[in-house]
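Thanks for making the time this morning. I would like to take you through one structure, helix by helix, and then turn to a few single residues.

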Amino acid sequence: DCENLCFDKVHFLKYPHAIDYRYNSRGYRDQEWPDDLYNAIWCIGDSYTVGLGSTLMNTWPYILQQTSKQRIINISMDGASNDWISRKAIDIINFCPPKTIVILWSFFYRRELPDTNLGDEDRISGKANGSWQLHYKHFKQCKEKVLLKADKTQIIDAFIPGSWYKKCNINDNLGPMCLGELEILDYARDYFHFDVKTSQNFVNNICNFMKSY
């Protein structure tokens, strides 16, 4: 999120909001954790969930907290793979099985290094080689690991724009709690990640979905 690396310098310079990145003591772009972890809605994802290029108030976890009137806990990391997302979801369920987890899955081709002695950021390995069928199979394995652990935790799934969900023309039944790939309606300062309109639309879909179940 800087002028030299952004996708559109004019958009970057005209972006109307000042942005700062503040992280809690656990290293996440969020407030300190509340005492009641069970009734909080946990949000997990990559930089789209961090809200790279957006003010905190324009991120979808923040808007979900304001709209739902429930405490949100944001577990996200720039460059996170679906391996990491799956692993974190399982850690949360083992630690404190919450009522609801919303997962915004990352690019299907991302992986993490198997060395558990490394920190999370050091395990990011980038783009793996292989066909979309191979990457999709890997994603399904990540998702199934979470569902096997979920038990009474409601898992709501969605996919970042360009995740390959649409590109793969997937016809699999991914369950009634899958919201599909997000439609990008606006751009954050870096002209890659989405901003407040997309976040609000996503949150509306989440809240409507939660009401129906």
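What follows covers three helix topics and then some loop residues.

Please keep in mind throughout that this is a predicted model.

Let me begin with helix α6, which runs over residues 196-212. At 1.5 Å a residue, its 17 residues should span 24 Å, and the end C-alpha atoms are indeed 24 Å apart, so the expected and computed spans agree. The buried residues of this helix are T198, S199, F202, V203, I206, C207 and F209. Because these residues cover an arc of only 165 degrees around the axis, they sit on the same side of α6. On the face turned away from that buried side, we find the exposed residues K197, K211 and S212. As for what the buried residues of α6 pack against, the partners are α3 (60-68), β3 (100-105), β6 (154-159) and β7 (178-181).

One further residue in α6 is N204, which counts as partly exposed because its relative accessible area is 33%, between the 20% and 50% cut-offs. N204 is separated from G79 by 125 residues in sequence, and the C-alpha atoms of the two are 26 Å apart in space.

Since α3 has just come up as a partner, let me continue there. The buried residues of α3 are W60, P61, I63, L64, Q65 and S68, and they pack against β1 (41-45), α2 (47-50), β2 (72-76), β3 and α6. If we look at Q65 by itself, its relative accessibility is 17%, and it therefore counts as buried, the cut-off being under 20%. Once the neighbours within four places in sequence are left aside, Q65 is in contact with Q31, Q70, R71 and I72.

Next, how do the axes of α4 and α5 cross? Helix α4 (residues 82-95) and helix α5 (residues 132-150) have axes that come within 9 Å and cross at roughly 5 degrees, and the two helices are therefore roughly parallel to each other. On the α4 side the contact is made by N82, D83, S86, A89, I90, I93 and N94, and on the α5 side by H138, F139, C142, K145, V146, K149 and A150. By residue class, this contact between α4 and α5 divides into seven nonpolar, four polar and three charged residues.

Now to the loops, and to backbone angles. Most residues other than glycine have a negative phi. With that in mind, consider K69, which follows α3 and has a positive phi near 65 degrees, although it is a residue other than glycine. K69 is found in the loop between α3 and β2, and with a relative accessible area of 71% it is exposed.

Another case is Y191, again not a glycine, with a positive phi of about 60 degrees. Y191 lies in the loop between β7 and α6, and at 33% relative accessibility it counts as partly exposed.

R189 is also found in the loop between β7 and α6. Is R189 buried or exposed? With a relative accessible area of 16%, R189 is buried. Leaving aside neighbours within four places in sequence, R189 is in contact with D1, H11, F12, Y15, I19 and G53. R189 and K9 are 180 residues apart in sequence, yet their C-alpha atoms are 9.1 Å apart in space.

I will stop there and take questions.

Technical notes:
Residues are numbered from 1 along each chain as its sequence is written. This is a predicted model: local features need pLDDT of at least 70, side-chain atom pairs count only at pLDDT 80 or more; totals for chains, interfaces and linings use all residues. Side-chain values use heavy atoms; hydrogens and water are left out. Helices (H or I, at least four residues) and strands (E, at least two) are DSSP runs, numbered from the N terminus. The expected span of a helix is 1.5 Å times one less than its number of residues. Buried means under 20% relative accessible area, exposed over 50%, partly exposed in between (1.4 Å probe, protein chains only). The arc is that of the directions from the helix axis to the C-beta atoms. Contact means heavy atoms within 4.5 Å. Axes are lines fitted to C-alpha atoms, for helices over the stretch in contact, and angles run from 0 to 180 degrees between N-to-C directions. Angles under 35 degrees count as roughly parallel, over 145 as roughly antiparallel, 65 to 115 as roughly perpendicular and the rest as oblique. Ala, Val, Leu, Ile, Met, Phe, Trp, Tyr, Cys and Pro count as nonpolar, Asp, Glu, Lys and Arg as charged, and the others, Gly among them, as polar.
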